[in-house]
Amino acid sequence: MLTSRRSILTGILSGLFALPLLKGARAASSANGRKALVIGAGIAGLAAAKTLADSGFSVIVLEARSRIGGRLHTDRSLGTPLDLGASWIHGTRANPITELAQRFSQPLFDWDYDNEEVFDLTGHDGRSVERFEIFADALEGFMEENETSLSRISAKNAIRKIRQQRSLLQLTDDEIGFLAHSLLEQEFAASTTELSLAGVDEGTAFGGPDAVLPDGYDKIALGVSQGLTILTEAVVDRIEHSSKGVSVSVAGKVLEADYAVCTVPLGALKAGSIAFSPPLPDTKRRAIDALGMGLLDKVYLSFPEPFWHETVLNFGRISTTHDAFAYWPNLFPVTGKPILCALNAGAFALELEKLSEENRRRAAFEALQTMFGRDIPPPVTSISSAWQQDKWTQGSYSFLPVDVAPGARTALAANLNSRVFFAGEATVADYPATVHGAWLSGQRVAQEAIAHAR
Ligand SMILES: Cc1cc2nc3c(=O)[nH]c(=O)nc-3n(C[C@H](O)[C@H](O)[C@H](O)COP(=O)(O)OP(=O)(O)OC[C@H]3O[C@@H](n4cnc5c(N)ncnc54)[C@H](O)[C@@H]3O)c2cc1C
């Protein structure tokens, strides 16, 4: 099966740039006659391909998976669209992803994080919003005081120090653990031991509320992909480059082009899944090693009917194991179906990935029983992500570990010979680890290639 697929692909690749059909109408009327290969059909690769194609380049996107979208991955097996990768547009005002959602007629559902209920070890407790604010204010104050050494301080050490402040003395250790996990580990997909305060501080944000896409985030990728030439199950394993152009190896065949845009995730770069010739410069190699690839996974549980407050969007669970099943978005208001989602990050998410789907479901259900009581009905079914095990991503998204300067992202983004360009969420210093950051990075490198080709 694999062999026949490879040979079909090889056949297609043999004449790829030569085929008028694959060149497309835009390429036929190409103003500059330039060819570009884009590696990866995630949102960064699609942004780059679209920008290059619109500017008259002949573009082929090479995607290892059998689907496009990368970390925009919507599953519909439970009868409604559920996102296993990104869910939220973070900051919908002036966000390019909001514009894309409008362009592709995608409805948005504004997400109110303050609409929440937190369950502690003794049952339901309503002090959560106030506690979040006290904790966030204390952390922010600490970061301002230590502005010049943020890269050297782990989030864990910062929390240890602010723990002694009067405003936080009223909180229990389990509450502090829950807040640290909810505000930092879930957000940055990394443990507070690894994450630096520079990582907490990096980047900027669009304004306005966050929103989810009820019809699925993959609609954005599908919308952008229209009219592009994309080969799926096309695994790139080598990129050669010189000042004259690039050669990209796919399934034993070599494609020649003027430019390549590499958008493979940091996790895949760390694993060395693509060989570069000449080898990557030391600065880029060091950046790949130094930046962290975090882990965030989701478990969706589908129930016969809701047993929770249907209109509450967020449920929190304070427990003695702070990173286990602490955050539960409620999908009922979005999908009209009795579905809850658990988000887990870092070490606990990694442990969960080792379990079967059935055992992940059981563990999630037991956590829910500590919140809603032992009598709740068991889930009918579930689906979950395992982004660390995913060969083409090897993690969820990037973060800045302790002792790594934000400049590592710039080093990762640097091009080779103005012929091989690097895009993707990990290359972005202003909006790292987001869909819009990845999108903007793809547009940026495409503009650089366009400028070089003039
Ligand atoms: C669980 C989770 C939740 C998230 N939540 C949010 C959120 O709510 N909001 C938000 O803004 N962001 C979120 N993110 C981050 C966001 O999904 C990513 O930042 C963004 O989608 C990354 O896009 P990309 O194009 O850089 O990478 P990808 O989407 O990973 O695309 C890279 C592509 O390269 C392909 N590839 C890899 N190796 C090869 C190879 N050798 N040859 C060919 N192709 C290859 C991959 O298959 C993939 O399709 C989340 C991510 C995860 C995992």
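Guide: A polar contact is a pair of N or O atoms within 3.5 Å. This is a predicted model.

Visitor: Which residue has a side-chain N or O atom 2.6 Å from an oxygen atom of the ligand?

Guide: The closest residues around the ligand include Arg-65, Arg-71, Trp-88, Val-435 and one further residue, Glu-63. A polar contact requires N or O atoms within 3.5 Å, and the distance of 2.6 Å from a ligand oxygen satisfies that limit. The side chain in question belongs to Glu-63.

Visitor: At what distance does a polar backbone atom of Glu-425 lie from an oxygen atom of the ligand?

Guide: Backbone atoms also approach the ligand: a backbone N or O atom of Ile-43 lies 3.2 Å from a ligand oxygen. For the polar backbone atom of Glu-425, the distance to a ligand oxygen is 2.9 Å.

Visitor: How much of the ligand's accessible area does the protein cover?

Guide: The shell around the ligand holds 37 residues, of which 22 are nonpolar, eleven polar and four charged. On its own, the ligand has 1000 Å² of accessible area, and the share covered by the protein is 99%.

Visitor: At what angle do helices α3 and α17 pack?

Guide: Each of these two helices supplies at least two residues of the ligand shell. Helix α3 spans residues 43-54 and helix α17 residues 435-453, and their axes are 7 Å apart. The packing angle is about 35 degrees.

Visitor: What is the handedness of the crossing of α3 and α17?

Guide: The contact includes Ala-44, Ala-47 and Ala-48 of α3, and Ala-438, Trp-439 and Gly-442 of α17. Its residues divide into twelve nonpolar, five polar and no charged. The crossing of the two helices is right-handed.

Terms used
Residues are numbered from 1 along each chain as its sequence is written. This is a predicted model: local features need pLDDT of at least 70, side-chain atom pairs count only at pLDDT 80 or more; totals for chains, interfaces and linings use all residues. Side-chain values use heavy atoms; hydrogens and water are left out. Axes are lines fitted to C-alpha atoms, for helices over the stretch in contact, and angles run from 0 to 180 degrees between N-to-C directions. Helices (H or I, at least four residues) and strands (E, at least two) are DSSP runs, numbered from the N terminus. A crossing is left-handed if the near helix is turned anticlockwise from the far one by less than a right angle, and right-handed if clockwise. Contact means heavy atoms within 4.5 Å. Ala, Val, Leu, Ile, Met, Phe, Trp, Tyr, Cys and Pro count as nonpolar, Asp, Glu, Lys and Arg as charged, and the others, Gly among them, as polar. A residue is near a molecule or strand if one of its heavy atoms lies within 4 Å of it. A polar contact is a pair of N or O atoms within 3.5 Å; within protein, one must be able to donate a hydrogen and the other to accept it, and residues adjacent in sequence count only if both atoms are side-chain atoms. Accessible areas come from the Shrake-Rupley method with a 1.4 Å probe; for residues, only the protein chains shown count as cover.
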